[in-house]
Amino acid sequence: MRAGEWVGENRDRGISIVCKETGAARDFAEATYGSNLKAAMTPSLDRERLGLLDIQIDRLARHGFIDSKVNIDDWIAPEILKAGAAASKEDVSLLQ
């Protein structure tokens with residue numbers, strides 16, 4: 001949660017971190033994230049993200065990185081994300 005909040009205020013530095021962590025060129029990171037960097041760095045359980053996670057799980061299982069496919073709906077715990085969001089709002093002062 002804090003990363004999303006922080007990058008919302010520090011986009012240029014956030015892009016630099018993405019480049020360093022992924023090895024991507026700055027132009028590529030800028031084109032990929034555009035103005036959506038904050039949303040990309042904020043945890044979410046929306047259907048699009050869960051669908052992408054399901055694709056990743058399929059690939060990991062298919063290539064032997066995990067023994068079997070995980071059922072995302074059995075695995076996620078929305079209450080943890082909600083608690084994190086509430087705590088993040090309380091701890092905004094730590095970002096400054």
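## Helix packing and salt bridges in a predicted model

The axes of helix α1 (residues 2–9) and helix α2 (residues 11–22) come within 5 Å and cross at roughly 120 degrees. That angle falls outside the 65 to 115 range for roughly perpendicular axes and is not over 145, and α1 and α2 are therefore oblique to each other. The structure is a predicted model, in which the protein chain has an average pLDDT of 87 and 93% of the residues score at least 70. Apart from this helix pair, the briefing covers the salt bridges, the surroundings of Arg11 and a loop residue, Ile66.

**Confidence**

- Among the elements of the protein chain, the highest mean pLDDT, 94, belongs to α2, whereas the lowest, 81, belongs to helix α7 (residues 78–90).
- As a general caution, predicted coordinates should not be read in detail where pLDDT is low.

**The contact of α1 with α2**

- Two packed helices are described by the angle between their axes and the distance between the axes; for α1 and α2 these are roughly 120 degrees and within 5 Å.
- On the α1 side the contact is made by Trp6, Val7 and Glu9, and on the α2 side by Arg11, Arg13, Gly14 and Ile17.
- Sorted by class, the residues of this contact comprise three nonpolar, one polar and three charged.

**Salt bridges between α2 and α3**

- Side chains of opposite charge can pair when their charged atoms come close, and the count for this model comes to six salt bridges.
- One of them joins the side chains of Glu30 and Arg11, with an N to O distance of 3.1 Å; because Glu30 lies in helix α3 (residues 26–33) and Arg11 in helix α2, the pair ties together parts that are 19 residues apart in sequence.
- Glu30 counts as partly exposed, with a relative accessibility of 29%, and Arg11 is likewise partly exposed, with a relative accessible area of 29%.
- Arg26 forms a salt bridge with Asp12, in which the closest N and O atoms are 2.2 Å apart; this pair also links distant parts of the chain, with Arg26 in helix α3 and Asp12 in helix α2, 14 residues apart.
- Arg26 has a relative accessibility of 30% and so counts as partly exposed.

**The salt bridge between α5 and α6, and the network**

- The side chains of Asp73 and Arg47 meet in a salt bridge with an N to O distance of 3.5 Å, and the pair links distant parts of the chain, since Asp73 is in helix α6 (residues 72–75) and Arg47 is in helix α5 (residues 47–62), 26 residues apart.
- Arg47 counts as exposed, because its relative accessibility is 59% and the cut-off for exposed is over 50%.
- Through salt bridges that share partners, Arg11, Asp12, Arg26 and Glu30 are joined into one network.

**Surroundings of Arg11**

- Arg11, which is found in helix α2, takes part both in the contact with α1 and in the salt bridge with Glu30.
- Leaving aside residues up to four places away in sequence, Arg11 touches Glu30, Gly34, Ser35 and Leu37.
- The C-alpha atoms of Arg11 and Leu37 are separated by 7.3 Å, although these residues are 26 residues apart along the chain.

**Ile66 in the loop between α5 and α6**

- Ile66 is found in the loop between α5 and α6 and is partly exposed, with a relative accessible area of 26%.
- Not counting residues up to four places away in sequence, Ile66 touches Ile57, Leu60 and Ala61.

Notes: Residues numbered from 1 in each chain as written. Predicted model: local features only at pLDDT ≥ 70, side-chain atom pairs only at ≥ 80, totals over all residues. Heavy atoms only, no water. Axes fitted to C-alpha atoms, helices over the stretch in contact; angles between N-to-C directions. Helix = DSSP H or I, 4+ residues; strand = E, 2+ residues; numbered from the N terminus. Parallel < 35°, antiparallel > 145°, perpendicular 65-115°, else oblique. Contact = heavy atoms within 4.5 Å. Nonpolar A, V, L, I, M, F, W, Y, C, P; charged D, E, K, R; others polar. pLDDT = per-residue confidence, 0-100. Salt bridge = Lys/Arg side-chain N within 4 Å of Asp/Glu carboxyl O. Buried < 20%, exposed > 50% of the residue type's maximum accessible area, 1.4 Å probe, protein only.
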